[in-house]
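Me: I would like a close look at a single part of this structure, with enough of the rest to place it. Please keep the answer plain and connected.

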Amino acid sequence: MRVISGNYRGRKLKSLAGDNTRPTSDKVKESIFNMIGPYFDGGKVLDLFAGSGGLAIEAISRGMDKAVCVDRNYQALKVIKENIQLTKEPEKFEVIKGEAKQVLNRLGVEGHRFDLVFLDPPYAQQSVVEDLEKLLSADMIAPDGLIVCETDKKFELPETIGTLEQTRRQVYGLAAITIYRNEVVE
């Protein structure tokens, strides 16, 4: 385990060493929140490939009420839980071990609905469109909900996916950040 430069209210967040996770850099994280926020008036966030949990933790620090962090890697889950303890608000987080597809099925059956979703799958396993379609079909994205996808810059996501409309795409080095808004009317 190594400490990265990410922080939560001045505290250093941890990340896994090696190629298991690819933490979002502070510069990219700050840019993401400037594009989508930067602050929130409550809501629920899903970090589907959580890694260190840094994006969900940042969303909570900026006003989200509840976060669900999902990862399949045991060591990543350990790091997420350690980082959550730094927030002094562990009750705002739910950490789930499992494959993204199975966890999405479970969350859909349980009736979860999210105002903000982070999708940052391993670049070699990118199934972002499929994951977004699953979220939509299970009605897990709130109206006007935001989805932030981090992909390899070569990976172009469609302008629209169901009721999701792409609002922005920005390239940072090898990564691209694509933001969608759920344009569904209730």
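Where in the chain does Lys88 lie, between which helix and which strand?

Reply: The model is a predicted one, and what follows is computed from it. Lys88 is in the loop that runs between helix α3, residues 74-86, and strand β5, residues 93-97. The backbone at Lys88 has a positive phi of about 60°, although this residue is not a glycine. As a general matter, most residues other than glycine have a negative phi. Lys88 has a relative accessibility of 59% and counts as exposed, because the cut-off for that class is over 50%.

The helix before this loop has another exposed residue to look at. Tyr74 is part of helix α3, and its relative accessibility of 56% puts Tyr74 in the exposed class. Tyr74 and Gly98 are 24 residues apart along the chain, yet their C-alpha atoms are separated by 9.4 Å.

A second positive phi turns up in another loop. Asp139, also a residue other than glycine, has a phi near 55°. Asp139 sits in the loop between helix α5 and strand β7, the latter covering residues 141-152. With a relative accessible area of 45%, Asp139 is partly exposed, whereas Lys88 at 59% is exposed. The cut-off explains the split: a residue is exposed only over 50%, so 45% leaves Asp139 in the partly exposed class.

Helix α5 itself holds Ser137, which is exposed at 62% relative accessibility. Ser137 and Gly162 are 25 residues apart in sequence, and from C-alpha to C-alpha they are 9.2 Å apart in space.

Helix α5 also packs with another helix. Helix α4 spans residues 100-109 and helix α5 spans residues 128-137; their axes come within 10 Å and cross at roughly 10°. Angles under 35 degrees count as roughly parallel, so α4 and α5 are roughly parallel to each other. From α4, the residues in this contact are Lys101, Leu104 and Asn105, and they meet Glu130, Asp131, Lys134 and Leu135 of α5. Sorted by class, the contact of α4 with α5 has four charged, two nonpolar and one polar residue.

A second helix pair can be set beside that one. Helix α1, residues 26-36, and helix α2, residues 54-61, have axes 11 Å apart and pack at an angle of about 45°. That angle makes α1 oblique to α2. The crossing of α1 past α2 is right-handed. On the α1 side are Lys29, Ile32 and Phe33, which meet Gly54, Leu55, Glu58 and Ala59 on the α2 side. The contact of α1 with α2 divides into four nonpolar, two charged and one polar residue.

The loops that follow these two helices have points of their own. After α1, the loop leading to β3, residues 44-47, contains Pro38. The peptide bond joining Gly37 and Pro38 is cis, with omega about 5°. In general, most peptide bonds are trans. After α2, the loop leading to β4, residues 66-71, contains Gly63. Gly63 is partly exposed, at a relative accessible area of 25%. Setting aside neighbours within four places in sequence, Gly63 is in contact with Phe40, Asp41 and Gly42. From Gly63 to Lys44 the C-alpha distance is 9.8 Å, with their positions 19 residues apart in sequence.

The cysteines come next. Cys69 is buried, with a relative accessible area of 0%, and Cys149 is likewise buried at 0%. The disulfide count comes to zero, where a disulfide requires two cysteine sulfur atoms within 2.5 Å.

For the wider setting, the protein chain has five helices and 10 strands. Of its 186 residues, 49% count as buried. Taking contacts between residues at least 6 apart in sequence, 62% join residues at least 24 apart. To come back to your question, Lys88 is an exposed residue in the loop between α3 and β5, and its phi is positive.

Terms used:
Residues numbered from 1 in each chain as written. Predicted model: local features only at pLDDT ≥ 70, side-chain atom pairs only at ≥ 80, totals over all residues. Heavy atoms only, no water. Axes fitted to C-alpha atoms, helices over the stretch in contact; angles between N-to-C directions. Helix = DSSP H or I, 4+ residues; strand = E, 2+ residues; numbered from the N terminus. Parallel < 35°, antiparallel > 145°, perpendicular 65-115°, else oblique. Left-handed = near helix turned anticlockwise from the far one by under 90°. Contact = heavy atoms within 4.5 Å. Nonpolar A, V, L, I, M, F, W, Y, C, P; charged D, E, K, R; others polar. Buried < 20%, exposed > 50% of the residue type's maximum accessible area, 1.4 Å probe, protein only.
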